[in-house]
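Me: I should like a close look at a single part of this model, namely how its strands are arranged. Please give one connected account.

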Amino acid sequence: MFVLVAVAVVCLAQSAVAQVSAAPVRTIDARAAGNLERTRFVIDLEEAVEFAAFTLADPYRVVIDVPELDFSELAENSRDGRGLVGTFRYGLIAKGKSRMVLDLTEPVNIDESFVLESLEGQPARLVFDLVPASRKEFLEGVGKLKSVGNLPTKAPLASVPTPKGPGKMVIVLDPGHGGIDDGAIGPGGTKEKDLVLQFTMDVRDALKRHGGFEVLMTRDDDTFIALDERVEFARTNGAQLMVSIHADTVTQAYVSGATVYTLDETASDDLARMLADKENRSDTIAGVELADKPDEVADILIDLARRETKNLSISFARRLLGDIKPAMKLNKNPRRSADFRVLTAPDVPSVLVELGYLSNSGDEKLLGSPEWRKKVAARFASSIETFFSRMSKNSG
Ligand SMILES: [Zn+2]
């Protein structure tokens with residue numbers, strides 16, 4: 001009971017912050033028009049927002065997910081539908097997210113849907129054209145993303161990492177910590193931030209020798225970068241893979257060897273959870289105020305991307321472990337998962353590698369050796385190259 005109360009208080013505090021940062025867009029009107037052959041559902045808004053729509057059966061419904069909207073101006077009697085739309089409902093579904101549900105008079109297809117920006121005094125509009133469908137057709141599409149409305153000014157949210165045509169694939173290498181945040185410090189005085197930067201530059205150089213893809217680094221000097229900025233960097237550069245490099249300390253000096261992590265809200269074990277907590281403290285150490293994330297549109301869109309991304313992340317993690325095994329010592333449980341904030345890009349496959357543990361004197365010595373670094377960096381590079389060549393084959 002006590003725990004429940006504590007959680008509720010935290011949630012309240014967070015939503016209070018969110019309200020200050022972004023006012024919900026005003027909804028001016030929502031209405032259905034047309035007939036049983038074709039029904040148009042229109043939402044008039046103060047300004048355009050993105051949406052994602054999907055369908056649910058029994059009863060037949062169309063669900064429209066949007067960022068948080070202010071519905072206070074909608075009259076109660078405006079909930080009556082017309083044609084294929086019987087009635088509709090709306091409200092806040094989660095922090096920062098609203099949902100509109102259309103109750104249908106029969107199964108439909110979303111024939112067309114789009115966003116119109118506000119123009120010459122006209123409100124912005126979300127438009128959905130519905131046409132009748134058979135129950136069978138409807139059931140086949142249930143729960144799947146049926147339509148997506150992106151704002152023309154914004155880059156569409158990539159649901160699946162797509163190679164940029166004949167252009168180069170992009171990899172983001174992410175050396176942990178930096179600047180004011182030293183990361184871990186080994187008994188011999190090695191700073192994690194310096195060591196991982198050195199190693200990451202070795203991987204970059206090895207990758208450049210392979211050619212064929214663009215290698216970007218979140219930092220190539222001793223600068224602090226917030227965790228969310230690292231994630232954003234990978235996303236805005238359209239990366240097909242992000243590899244974060246770390247070498248932490250743990251209290252058990254006997255723990256040694258490399259570990260490859262993927263994202264999971266539930267940590268695979270205590271060590272994984274403890275390390276994720278530690279790495280996630282980076283921003284706190286640097287005194288970065290945790291900004292509210294911009295309202296991510298449409299849960300379903302993000303969820304679809306996330307599933308695909310998760311599979312690719314896991315497949316790369318396995319490949320990497322197999323490729324580096326002959327060249328370096330692995331932890332006795334080398335494949336783990338935990339809630340690392342730097343791995344949360346919904347559309348960029350991401351892994352975090354703990355090269356070893358600076359708390360272990362053997363690891364600290366190895367990681368400090370330029371020969372060791374070069375040898376292992378070359379393995380990383382060829383593993384990344386194989387992953388990319390498989391990926392472009394699959395999508396091509
Ligand atoms: Zn670290």
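In which sense do strand β2 and strand β10 pair, and over how many bridges?

Reply: The model is a predicted one. In it, strand β2, residues 39-45, pairs with strand β10, residues 124-132, in the antiparallel sense, and seven bridges connect them. Within this pairing, Thr-39 lies opposite Leu-130 of β10.

Both strands belong to an open sheet of five strands, whose order is β5-β1-β2-β10-β9 and whose pairing is mixed. The edges of this sheet are taken by β5 (69-70) and β9 (108-116); each has a single partner strand, so one side of each is left without a neighbour in the sheet.

A further sheet may be set beside this one. Six strands, in the order β13-β12-β14-β17-β15-β16, form an open sheet, again with mixed pairing. Here β13 (213-217) and β16 (330-338) are the edge strands; because each has a single partner strand, one side of each lacks a neighbour in the sheet. From one strand to the next, the twist averages 20°.

Inside the six-stranded sheet, strand β12 (residues 169-175) and strand β14 (residues 241-246) run parallel and are joined by five bridges. One residue pair can be named in this case as well: Val-172 has Met-242 in β14 as its bridge partner. Helix α5, residues 270-280, packs on this sheet and touches β14, β15 (258-263), β16 and β17 (350-354). The direction of helix α5 makes about 65° with that of β16, one of the two edge strands.

To return to the part in question, the link between β2 and β10 is antiparallel with seven bridges, whereas β12 and β14 run parallel with five.

Definitions and conventions:
Residues are numbered from 1 along each chain as its sequence is written. This is a predicted model: local features need pLDDT of at least 70, side-chain atom pairs count only at pLDDT 80 or more; totals for chains, interfaces and linings use all residues. Two strands pair if DSSP finds at least two bridges between them. Helices (H or I, at least four residues) and strands (E, at least two) are DSSP runs, numbered from the N terminus. Axes are lines fitted to C-alpha atoms, for helices over the stretch in contact, and angles run from 0 to 180 degrees between N-to-C directions. Two residues are in contact if their C-beta atoms, placed from the backbone, lie within 7 Å.
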